[in-house]
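Here are a couple of exercises to work through with the model open on your screen. Try each task yourself before reading its solution.

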Number of protein chains: 2
Amino acid sequence: MPDLASAIQAALAERFGERLEIDSELQGLDEIARIAGHRVHRRYLPRDISPHLMRLLCACALSAPSKSDLQQADILVVRKKEKIHAIADLLPDMPWLREAPVFLFFLANARRLVKISTMRRKPFPNDHLDLFFNATIDAAIVLTTLLRAAEAVGLGCCPISVIRDHAATISKMLALPEKVIPIAGMCLGWPAEEGGITPRLSLNTTVHQERFVEKDFSEIDAYDRRRAAIRPYRNQRDPEHFGHQEFYGWSEDKARQYAVPLRADFGAFVRAKAFNLD
Amino acid sequence: MPDLASAIQAALAERFGERLEIDSELQGLDEIARIAGHRVHRRYLPRDISPHLMRLLCACALSAPSKSDLQQADILVVRKKEKIHAIADLLPDMPWLREAPVFLFFLANARRLVKISTMRRKPFPNDHLDLFFNATIDAAIVLTTLLRAAEAVGLGCCPISVIRDHAATISKMLALPEKVIPIAGMCLGWPAEEGGITPRLSLNTTVHQERFVEKDFSEIDAYDRRRAAIRPYRNQRDPEHFGHQEFYGWSEDKARQYAVPLRADFGAFVRAKAFNLD
């Protein structure tokens, strides 16, 4: 399928600024094309997602690998309009969130394992960072697998990590008990626009061979310029504070974003949810 | 494609003990079938994975969503036989690991953001749990996307979370600097066997509607029995200590696994890597 190989090549060239060699005889190129061409979707058609399809997507997501077969990830499906609006009210920068027919939460659930230990009358000498880490990663794996399944059937997704800014409020809203926390949310809907490819750091920066090699700032600078040529930022962040820059790239934007305290209370939230981070 | 829909239905019935309704007109059913039919692969053919294919898979993986576009995940590719053997030496329960032509590490890289802040002469008042959490989740998303791309082209994968038991040793082996940690490894190879479907907790246990609802132990018990009928454990864990049980299910196995201290030093490792978990 030379057309598919060319489409993948084009998407990855736009993303990484590199022309990759692609064997057009590879199996699964349609799936590779969807993964390579991943676009975030923030506008949705006024069309529902059937409960059957939603259950299929959840089943796909929960078919993903799980650390030591512990199954420490849950999915929480929100469809009620008033609840989706209440979530949107917390995130005024994301008004499009209201239009999503489904909003998902991915939950790190370390509670089940602890309860199973009690039920099986075993000691549980593992209430430390590892428990939090494993459940968090399991939930992220389930999130990603759901996103892949959703994109396969033609749905558009937008993972919403900013729910972490409101973790305690959302936790109450969803009646999450101790040792269960939301790691991220996700809007799901039938896409109303094509979406765009986000250029990424060069593979020479993020892929290491045999050992970690740190690149110098020239690589970041080259990325800033490549990206600005394709997808320039429309606005500079907080110009009252940081001034206006003639060239405004990704690294400047991210440095500005993290120059103010963000989620400083997240550790307190996680500890209040009875996770021990020692 | 009614055959594909039936195959998906069969895989998910084996996995979740539930017959899902599947619309055979859905697009992307081939991808859904691969996701729903996910099997772990621990035996590989003596056949290499070309550097071009490996680069394509890394590019696919790094096309995944990233929290706030911060790109805090790296991939480290190990191909050198002596290095793969050194990793296998750390994990004597996994001798098949030696046969994998490629071993990957997924790295949570919070270092880049901190360095960018310095280079851009901005303050960085965000050195707390959030930084660790975001980078960890980004790395898990990249891991999962790589797994999906690899399975699409016909490769077999086995994520190796147990590298967390040797985090400091592996960190030295890979020359990981401060604020970069491996979240998991992965064996990759052309599968030499079909692999099996792992039955999972019922969707009634792990998928919640609108709010979190905890199921009682009867759901776990039903899962233990459904699973044992399909995939009974060959051996009971640590019978010298816990005795022999007539019925030995998943919950008993997991309670026994976590009845001894595991990775109690993981928090110390993460802190030594200059992450602040407050």
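**Exercise 1.** Work out which helices help to line the largest cavity, and what kinds of residues make up that lining.

*Solution.* Keep in mind that this is a predicted model.

Step 1: start with the helices. Helix H5 (111-119) of chain A and helix H9 (217-230) of chain B each supply at least two residues of the lining.

Step 2: see who gives the most. That's H5(A), with four residues.

Step 3: go to the middle of the cavity. It has 15 lining residues, and the closest to its centre are Arg112(A), Thr205(B), Glu214(B), Lys215(B) and Ile220(B).

Step 4: sort the lining by type. You get five nonpolar, three polar and seven charged residues.

Step 5: put a volume on it. This largest cavity comes to about 160 Å³, and a search of the whole structure turns up four cavities of 30 Å³ or more.

**Exercise 2.** Decide how helix H2 of chain A is oriented against helix H2 of chain B, and which residues make the contact.

*Solution.* Step 1: find the pair. Both helices span residues 29-36, and they pack at an angle of about 85 degrees with their axes 9 Å apart.

Step 2: turn the angle into a word. Angles of 65 to 115 degrees count as roughly perpendicular, so H2(A) is roughly perpendicular to H2(B).

Step 3: list the contact residues. H2(A) brings Asp30(A), Glu31(A) and Arg34(A), while H2(B) brings Asp30(B), Glu31(B) and Arg34(B).

Step 4: sort these residues too. The tally is six charged, no polar and no nonpolar.

Definitions and conventions. Residues numbered from 1 in each chain as written. Chains lettered and ligands numbered in written order. Predicted model: local features only at pLDDT ≥ 70, side-chain atom pairs only at ≥ 80, totals over all residues. Heavy atoms only, no water. Axes fitted to C-alpha atoms, helices over the stretch in contact; angles between N-to-C directions. Parallel < 35°, antiparallel > 145°, perpendicular 65-115°, else oblique. Contact = heavy atoms within 4.5 Å. Nonpolar A, V, L, I, M, F, W, Y, C, P; charged D, E, K, R; others polar. 1 Å grid on protein atoms, 1.4 Å probe; cavity = no way out; pocket = protein on both sides within 12 Å on 5 of 7 lines; lining within 4 Å. Points joined across faces, edges and corners; volume = space filled by probe spheres on them.
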